[in-house]
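This report concerns pairs of oppositely charged side chains and the places where they meet. The sequence and the structure are shown first.

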Amino acid sequence: METWVIPFEPQPAPHEVDGAFPSPFEESGPHALARRAAERMQEELRAGLIAPGLPTSLLEGAEGGKMFGVLVVQASDGRFGYLRSFSGMLAGRWDVPGFVPPIFDRETRARLEPEGEAVVKALHARAEALRTSPELAALRADDEAREARHSAQRAELRARHEAKRRQRHVRREELTASAALPETTRREALHALDQESRGDKAEWRRLEAAQEQERQAIAPKRARMERRLRALERLRRIVSRALMKRLHDTYTVPNARGERRPLRALYPAGAPPSGAADCAGPKLLARAFAYGLRPVALAEFWWGAPPLAGGRASGAFYAACKDKCGPLLPFMLEGLQVSAHRAFAPPVQVSTGLSIVHEDAWLVVVEKPCGLLSVPGKDTSVTDSLLARLRARFPRATGPLLAHRLDLDTSGLVVAALDSSTYAALQRQFAERQVHKRYVAWVQGHVRGEHGTIDFPMRVDLDDRPRQIHDPVHGKPAVTEWRVLERGEGRTRVAFFPLTGRTHQLRVHAAHPLGLGAPIVGDRLYGHPAERMLLHAELISFEHPGTGQRVTFEQPAPF
């Protein structure tokens, strides 16, 4: 075997090797052989060393961990082994002993990258120097002070004019009501009030004109500097895009048929995302093709601290990314028999009934089992859901029924309204945060502290739906209170009290370092999959729309 290949010892039995290459986008976990290779690599990482001179502690810093990959291959002599790789660079290096090299043409990149990066950095430095220059800072400070002064002047004049307007209104009513006052005198007095009103309007126009004149005296100089700053930033973006285009042209992507294609030809409009072809999977396949090795199965896993946005757990396996590898890997695998990609499907539910906790003329409270959808999914072949069961059980109910939802993997209490007015009343309570909920979960590891509040914004990961990520810029507020209930061997039982209702809020707040830093046990998206996720909505309390009384329903967790 080639020196890149780590041989399997013992060699796999014939029944362990499938004929087709498993889809790299498979969400149900890697092939058994690829898992075996990955777990062997994870044992080495657990021992504290990635490669000579590279300790695994490098992956625990603020920048987060790294996605690693293994590719099981078969050599021409029939023996099996595996290749190893990592996404992007590791500790600022493309080449690390024991890991396959990148795909790009080194000689061409070595000519392009230093000079191009130097130009981009120089433009960035010029823009930063202008952005932080004392002159621009002084102009902005003067502008802000002037605007604050102008705002105060307008507020003071507006208040004075409003007081005079109220006085004129009173005086007009007095003049109109006075029967003893001669008509000529009344008209003259009313005319004087109108003149005063016109005088106030003229005074306001004079103030606006004076302020605009002062604004125009300062604005042009600041505007010129800011136009120059925007021009520098625009030029930096243009040069950066041009450099990226030239760097992308250093990648020629092979496939199993022996064909080769420029990287940009594989992406819409010839614009690959940053880091395309630098993921672990493409590097592994390219090296296998280069040495005439037959790819058998691929596995990718995260190791180390989660990324800043969250959504990754150390040691967990992940399907190939859709944004970078979605257009790339299908081409690379042309010429191989590849298994069809199977999207995650809910487990088949044995029961089709409802576990009713409470029922009256207005609403029903049910316990949703883990693995049952709250509402029908996009896959039309899956017809079972909590909503479908409620429709069958309450055919005369009107409106949307479900007042809220639970994730597929979460069990617990759900409230359904049997008529539209009850539904609307419950929705108002949810919107105004008058509904109180308590969840219970087992999380992996030891949670620091006994109670607290988790508060950071979240949004969907546009490149990896349905995962949610932390995003301080575009995320929506998400707040959860928590309290430790019990500590077990390697686990902590926690009560969660969500104050907002974001998708996957508790799962992300549990797993992310800004939260508990401890994924919920069995969480296939943010932790490690298991038979079920140990998260249960055990209590819900709200004002009953029909009776006006506060009601509380509780159902202990089944774990």
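## Salt bridges in the model

The structure, a predicted model, holds 43 salt bridges. Side chains of opposite charge can pair when their charged atoms come close. Three individual pairs and one network are described below.

## Arg-131 and Glu-233

A salt bridge joins the side chains of Arg-131 and Glu-233, with an N to O distance of 1.8 Å. The two residues belong to distant parts of the chain, 102 residues apart: Arg-131 lies in helix α2 (residues 106–131) and Glu-233 in helix α4 (residues 183–248).

Arg-131 is partly exposed, at 28% relative accessibility. Glu-233 has a relative accessibility of 19% and therefore counts as buried, the limit being under 20%.

## Arg-160 and Glu-156

Within helix α3 (residues 134–177), Arg-160 and Glu-156 are four residues apart, which means that about one helical turn separates them. Their closest N and O atoms are 3.3 Å apart in a salt bridge. Arg-160 is partly exposed at 35%, and Glu-156 is partly exposed at 43%.

## Asp-409 and Arg-507

Asp-409 pairs with Arg-507 in a salt bridge whose closest N and O atoms lie 3.5 Å apart. This contact links distant parts of the chain, 98 residues apart: Asp-409 is in the loop between α8 (386–393) and β12 (411–417), while Arg-507 is in helix α10 (residues 505–511). Asp-409 is buried, with 10% relative accessibility; Arg-507 is also buried, with a relative accessible area of 2%.

## A shared network

Salt bridges with partners in common connect Arg-140, Asp-143, Arg-146, Glu-147, Arg-154, Arg-222 and Glu-226 in one network.

How values were computed. Residues numbered from 1 in each chain as written. Predicted model: local features only at pLDDT ≥ 70, side-chain atom pairs only at ≥ 80, totals over all residues. Heavy atoms only, no water. Salt bridge = Lys/Arg side-chain N within 4 Å of Asp/Glu carboxyl O. Buried < 20%, exposed > 50% of the residue type's maximum accessible area, 1.4 Å probe, protein only.
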